[in-house]
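Colleague: Please take a close look at the surroundings of the ligand in this model, and at the aromatic residues that can be described alongside them.

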Amino acid sequence: MNRDVIERDVIVIGGGAAGFFAAIACAEANPGLSVTILERGPRVLHKVLISGGGRCNVTHACFEPAEFVTRYPRGKRELLGPFHRHGAAWVVEWFQTRGVKLKSEEDGRIFPVTDNSETIASCLIQAAEDAGAAIRTRQSVTGVEQNPDGSFHIRCSDEATWHCRKLMVATGGLKPGSPMDSLTSLGHSIEPLAPSLFTFHIDDARLADLQGLSVNDAEVSVLGTKLQERGPILVTHWGLSGPAILKISAWGARALQKLEYRFECRINWIPDAAYEEVLQGLKAMKNIEGKKQVAASRPFDLPRRIWERLVAQAGIQHGMTWSQAGAMALKKLAGELTACDFHVTDKSMNKEEFVTCGGVSLKEVDFKTMESRKVANLYFGGEVLDIDGITGGFNFQSAWTTGFIAGQAMAADEFA
Ligand SMILES: Cc1cc2nc3c(=O)[nH]c(=O)nc-3n(C[C@H](O)[C@H](O)[C@H](O)COP(=O)(O)OP(=O)(O)OC[C@H]3O[C@@H](n4cnc5c(N)ncnc54)[C@H](O)[C@@H]3O)c2cc1C
């Protein structure tokens, strides 16, 4: 064998959440194995560090697997079994037994009590070290080939070559033209890639200078599709964001890509009331608050400045009182409140938590072990798979779970 080839029992490509869980699980389960993580960047766990606004939303406080999987636009069916064995409660315990205390917030998101993602990254690095798994950074894998005996040759951009008996690919969301396209040459199919968890770019006078305002409960739909979601909406410098928008972008990742991110979206600012009910509420204001200015008295729980914009859009002039507002204007205002249409011109991913929809086809992976059904000794975990969740800790949970299962499986069998 070429003396420049570095021999390992197990190699994990990618030093992210899935890669670390795999390497730790493998080395802990079988301490006799040489396990190495190859990471292309200068540091490992980059996404863990920037995640959750620097706090790392580790998982979600939902302990019923059948409910947990409903948060995955892709991967729902395949993740059900794995989450029965290694779900949110298991991952909370995993961190707690290693000294990391976690807390859940009102909306169910779970974070380290330190509110600092460094806590999670340090725990993972320490656990890898304790288990004897090696970490090699600046090792950008450019190609993978399988030998006739089932082992692998792995080439890196600095011309280093590695050899291993079991290989795990945990390289995160694939990008078109990424070096891991060599997966396809190993016989794997890649489901088409599309961004998920993005915000809507909208240029509209109604939103100008309102950045930072949020509505706790609104409904967003994409006209001409069945896409509809409910939740908080946030006005940004560039358009609309917030959990409801992110959710619809995840469920509509493929449909919105087909529309080239140009479409009409409709916001119902009062999702608990139908148009007629809202109109009756506005008409009632004529009797109750007839002398008050429409712009200054809100019958609905909306931020003042958003209300003022909708009032102006309905043609109700500044200073006009409820008793002066005509029937047509009130109808228009009821329309703005329940069916407020915006033209989306693009997607934005500025500082948002985005993930990739698409990746290694789930049909080609055995979710009991995370081993490829096409190539023996090859394993997958994390976002490289055609799995993605909505925001709230679901993306890390699938990375921890699939990484761990792969790690344990790689440690077993003929290595024992
Ligand atoms: C800004 C942001 C915030 C987020 N916040 C959250 C959150 O709070 N909660 C949550 O659940 N999800 C969050 N996510 C999503 C989450 O970070 C990912 O789903 C998760 O990191 C996927 O883990 P992974 O191990 O599969 O991939 P990654 O974390 O992407 O790790 C893959 C690693 O592989 C390396 N790599 C890639 N190609 C090669 C190669 N050819 N050779 C060697 N190494 C390679 C990469 O450099 C990377 O380090 C966030 C995403 C972003 C972008």
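**The ligand and its surroundings**

Modeller: A polar side-chain atom of Glu39 is placed 2.6 Å from an oxygen atom of the ligand. This is a predicted model, and the distances that follow are to be read accordingly. Two backbone contacts accompany the one from Glu39. A backbone N or O atom of Ala18 is 2.9 Å away from an oxygen atom of the ligand. For Asn57, a backbone N or O atom lies 2.9 Å from a nitrogen atom of the ligand. The ligand, taken alone, exposes 1,000 Å², and the protein buries 94% of that area. Three elements give two or more residues to the shell around the ligand: helix H1 (17-29), helix H2 (46-54) and helix H13 (394-411).

The shell can also be described by its members. There are 32 residues around the ligand, of which Ala18, Glu39, Val141, Glu383 and Phe396 come nearest. Sorted by class, the shell contains 13 nonpolar, 13 polar and 6 charged residues.

Phe396 leads from the ligand to the aromatic residues. Ring pairs join Phe396 with Phe21, Trp90, Trp94, Phe95, Trp400 and Phe404 in a cluster. In the structure as a whole there are 17 aromatic pairs. One of them is formed by Trp94 and Phe95, with 5.0 Å from centre to centre and 75° between the planes, an edge-to-face arrangement. Both partners can be assigned by their accessibility. Trp94 has a relative accessibility of 6% and therefore counts as buried, because the cut-off for that class is under 20%. Phe95 has 0% relative accessibility, so Phe95 counts as buried.

A further pair is that of Phe200 and Phe263. The ring centres of Phe200 and Phe263 are 5.1 Å apart and their planes stand at 80°, so this pair is edge-to-face. Phe200 belongs to strand S11 (residues 199-202) and Phe263 to strand S15 (residues 263-268), so the pair ties together parts that are 63 residues apart in sequence. Phe200 is at 0% relative accessibility and therefore counts as buried. Phe263, at 5% relative accessibility, counts as buried.

Aromatic rings also take part in contacts with charged side chains. Arg55 lies over the face of Phe111, 3.7 Å from the ring centre. Lys347 is placed over the face of Tyr261, at 4.4 Å from the ring centre.

A residue of the opposite accessibility class is Ser185, which is located in helix H7 (residues 182-185). Ser185 reaches 61% relative accessibility and therefore counts as exposed, since that class begins over 50%. The C-alpha atoms of Ser185 and Gly143 are separated by 9.6 Å, although the two residues are 42 residues apart along the chain.

The protein chain supplies the setting for these details. Its secondary structure amounts to 13 helices and 20 strands. Among the 416 residues of the protein chain, 55% count as buried. Along the principal axes, the C-alpha atoms of the protein chain fill a box of roughly 90 × 40 × 35 Å.

To return to the part requested, the ligand has polar contacts that include the side chain of Glu39, the backbone of Ala18 and the backbone of Asn57. Phe396 is among the residues that come nearest to the ligand, and Phe396 is also a member of the aromatic cluster.

Notes:
Residues numbered from 1 in each chain as written. Predicted model: local features only at pLDDT ≥ 70, side-chain atom pairs only at ≥ 80, totals over all residues. Heavy atoms only, no water. Phe/Tyr/Trp six-rings, centres within 6.5 Å; stacked < 30°, edge-to-face > 60°. Buried < 20%, exposed > 50% of the residue type's maximum accessible area, 1.4 Å probe, protein only. Helix = DSSP H or I, 4+ residues; strand = E, 2+ residues; numbered from the N terminus. Lys NZ or Arg CZ within 6 Å of the ring centre and 35° of its normal. Near = heavy atom within 4 Å. Polar contact = N/O pair within 3.5 Å; in protein donor to acceptor, adjacent residues only side chain to side chain. Areas by Shrake-Rupley, 256 points an atom, 1.4 Å probe, with all protein chains shown as cover. Nonpolar A, V, L, I, M, F, W, Y, C, P; charged D, E, K, R; others polar.
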